[in-house]
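Here is a brisk report on selected local features of one protein chain. Take a look at the model first, then read on.

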Amino acid sequence: MTTSPLLPRRSVLRVLTGAAALGGAAVASVRVPGSAAFAAEPETERGTGSATEPATYTLTIRHLGRDGRVPTRYRTSVTGISGPGAGRSEQPHDASGTASVRLPGGRYLLESSLWTDRVPDGTDWIVQPRLDLDRDTTVTVDARTTAPVDVTPPDAAAAFLTGGMFIEVTHEGATRMASIVKATPTLRTAHLGPGAEAGSVRQWYDSYWTTRTGGYALGRTFSGTRALTGLTHHYAAAELAALELRALARPDRGGAAAGAAGIDLSPTLGPAAGPSIGASWSVPVPGTATLFVTPLRGAWDLVYTAPAAPGTRPNRYFVDGIAARAGTTTTHTFDGPVAGPALTGRAGVERDGDTLTVDLPLLADGDGHVPTAPSFDTAWAGLHRDGVLLHARSGLLDRATFTVPPGPAPYRLAATVVRRGATGATTRVNVSWTFRSATTAGPVPVPVSVVRFSPGLGPDGTAAAGSPMRVPVTVQGAAAGGRVRSLTVSMSADGGRSWTVLPVHEGAVTVPNPAAGTSVSLRAELTDTDGNTLDQTLVDAYRTG
């Protein structure tokens, strides 16, 4: 049956079903206003035409199954693209297989699904992207004209999860869409009627598959004058890009890790552009899953969901626009050390007039993924002006707003987060920024920076004990791009009671890892070329194994 696709990129993704066990997946879907299923309600009939009313015509649709007879089941939609019937949608149906509807003249999109009560028979989807109604017209929707959609991954043992085909037709500046989603690989498609104008028909096909160690997301994009009549593509491994997802145990309150036995995390993957469905897999914690994707579909978006304790919000990471290039592997590790502040995407501090808006993630994971519901025990932040505390608040520094007096002044923004149960990960973040700021005429970024540490850790998130380890150091924010005046990095092996300075050389420090089972704390003290400062301490940043 015809359904509506996921919202395009930058729209809200609503996951309707959770992840199944590894070896299975679930579909995430959202309907799109403007598709055939969501077109406007039918208008009142207007007669055969007058000086003020558009002419109307009878559209008769004959439906034939693969045996040339009346189909067992069918559903047809006719949606106005342009002309007096633009936006109008009808679903004519008659048990005889021949249905009629009277419509104003204009350009229409017709799509029809035909199926039987036998699942193995599959569905025939026939699309007429150009139906110009300027007289009484009869159209025959004939399942015998369809050809199979035969798209497969290189692994013959992979199991089909779901597939979706989407078509978008544009005429005279208006666009209409239709789609079909199938849980079995038994779709057949056909074009009907004349071709449309060059480039006015865009079509997508996505299918998802699962394996013991991950799965496949196979997508294609097409553009032209006609709808697809069948589609055959048997992918070779060399055509695909690998997306490796590593799940580490998430530290939680009370010392319990969300990665305890029997707990899975759920990544949902879908194309970044165009309408689509997405699919969810589960990854055991700790564990790894590899998803193979098609570069032909462009970039991919990932939503990674960790399980939540009863009564708490689930924790999600959004990774947008993952580039895919055939033959390459991209690795994303979630919930791994070193957790700490990050300035990615829209994160930062902004002043608009005399309002400071702060969105400073303090517990991004080791890869810089920002959690939607980070686990912590206590958090506090304070804003000082000229050494006087203006505002104090409990909680993290995401989406915080502070009203400040007009005029220029020096400021200090400080924050502390404590995670007592964060075994093997950051248990405390202390961070302080100083900067000067004055009243602005509009939104202006405030110069703040953070330092990210990226040690090469093992699959369990620990470092090799008793040996030196090179740890890359990255500056984000106002001091990035060569705007660092000074940077001092220190380490502690006793929880921050004593510190040893580590020389920064070619963007990294060398940490002499202590004995097994010891935590390593890291500190960065930075001044940028304009005199703004950062003092950042991560207690128990990672642990030796």
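## Local features of the chain

Not counting neighbours within four places in sequence, Thr 416 contacts Thr 378, Ala 379, Trp 380, Arg 428, Val 429 and Asn 430. The model is a predicted one. Thr 416 sits in strand 29, residues 409–418. Its contact with Asn 430 includes a polar one, side chain to side chain, at 3.0 Å.

**Ser 449 and its backbone partners**

Ser 449 belongs to strand 32, which covers residues 449–453. Is Ser 449 buried or exposed? Ser 449 has a relative accessible area of 4%, so it is buried, the cut-off being under 20%. The Ser 449 side chain has backbone nitrogens within reach. The backbone nitrogen of Ala 479 is 2.9 Å from a polar atom of that side chain. The backbone nitrogen of Ala 478 is reached at 3.4 Å. Leaving out residues up to four places away in sequence, Ser 449 touches Gln 476, Gly 477, Ala 478 and Ala 479, and also Leu 343, Trp 433, Leu 526 and Leu 534.

**Asn 532, a loop residue**

Where does Asn 532 lie? Asn 532 is in the loop between strand 38 (519–528) and strand 39 (533–544). Asn 532 is buried, with a relative accessible area of 10%. The side chain of Asn 532 makes a polar contact with the side chain of Asp 528, at 2.9 Å. Setting aside neighbours within four places in sequence, Asn 532 is in contact with Thr 434, Phe 435, Arg 436, Pro 447, Leu 526 and Thr 527. Leu 526 is thus named among the contacts of Asn 532 and among those of Ser 449. Asn 532 and Tyr 411 are 121 residues apart along the chain, and their C-alpha atoms are separated by 9.8 Å.

The side-chain polar contacts described so far are set out here.

| Side chain | Partner | Distance |
|---|---|---|
| Thr 416 | Asn 430, side chain | 3.0 Å |
| Ser 449 | Ala 478, backbone nitrogen | 3.4 Å |
| Ser 449 | Ala 479, backbone nitrogen | 2.9 Å |
| Asn 532 | Asp 528, side chain | 2.9 Å |

**Aromatic pairs**

A pair of aromatic rings is described by how far apart the centres are and by the angle of the planes. How many aromatic pairs does a search of the whole structure find? The search finds seven. In one of them, Tyr 216 and Phe 292, the ring centres are 5.3 Å apart and the planes are at 25 degrees, so the pair is stacked. Tyr 216 is in strand 14 (residues 214–224) and Phe 292 in strand 20 (residues 287–293), so the pair ties together parts 76 residues apart in sequence. Tyr 216 counts as buried, at 8% relative accessibility. Phe 292 is partly exposed, with a relative accessible area of 29%.

Tyr 317 and Phe 334 make another pair. Their ring centres are 5.6 Å apart and their planes are at 45 degrees, so this pair is tilted. Tyr 317 lies in strand 22 (residues 315–322) and Phe 334 in strand 23 (residues 329–334), so the pair ties together parts 17 residues apart in sequence. Tyr 317 and Phe 334 are both buried. With Tyr 304, they form one aromatic cluster.

**The second largest cavity**

Rolling a probe the size of a water molecule over the atoms shows where empty space is left. A search of the whole structure finds three cavities of 30 Å³ or more. The second largest cavity holds about 60 Å³ of space. What lines the second largest cavity? Its lining consists of Ala 241, Ala 242, Leu 243, Val 293, Trp 300, Ile 322, Ala 323, Ala 324, Thr 328 and Thr 330. Strand 16 (residues 241–247) gives the most to this lining, with three residues. By type, the lining residues are eight nonpolar, two polar and no charged.

**Unusual backbone geometry**

Pro 337 and Val 338 are joined by a cis peptide bond, with omega about 5 degrees. Val 338 is in the loop between strand 23 and strand 24 (348–352). Asp 335 lies in the loop between strand 23 and strand 24 too. Asp 335 is not a glycine, yet it has a positive phi of about 65 degrees. At 9% relative accessibility, Asp 335 counts as buried.

Asp 386 also has a positive phi, of about 55 degrees, although it is not a glycine. Asp 386 is in the loop between strand 26 (378–385) and strand 27 (388–394).

Note on methods: Residues numbered from 1 in each chain as written. Predicted model: local features only at pLDDT ≥ 70, side-chain atom pairs only at ≥ 80, totals over all residues. Heavy atoms only, no water. Helix = DSSP H or I, 4+ residues; strand = E, 2+ residues; numbered from the N terminus. Buried < 20%, exposed > 50% of the residue type's maximum accessible area, 1.4 Å probe, protein only. Polar contact = N/O pair within 3.5 Å; in protein donor to acceptor, adjacent residues only side chain to side chain. Contact = heavy atoms within 4.5 Å. 1 Å grid on protein atoms, 1.4 Å probe; cavity = no way out; pocket = protein on both sides within 12 Å on 5 of 7 lines; lining within 4 Å. Points joined across faces, edges and corners; volume = space filled by probe spheres on them. Nonpolar A, V, L, I, M, F, W, Y, C, P; charged D, E, K, R; others polar. Phe/Tyr/Trp six-rings, centres within 6.5 Å; stacked < 30°, edge-to-face > 60°.
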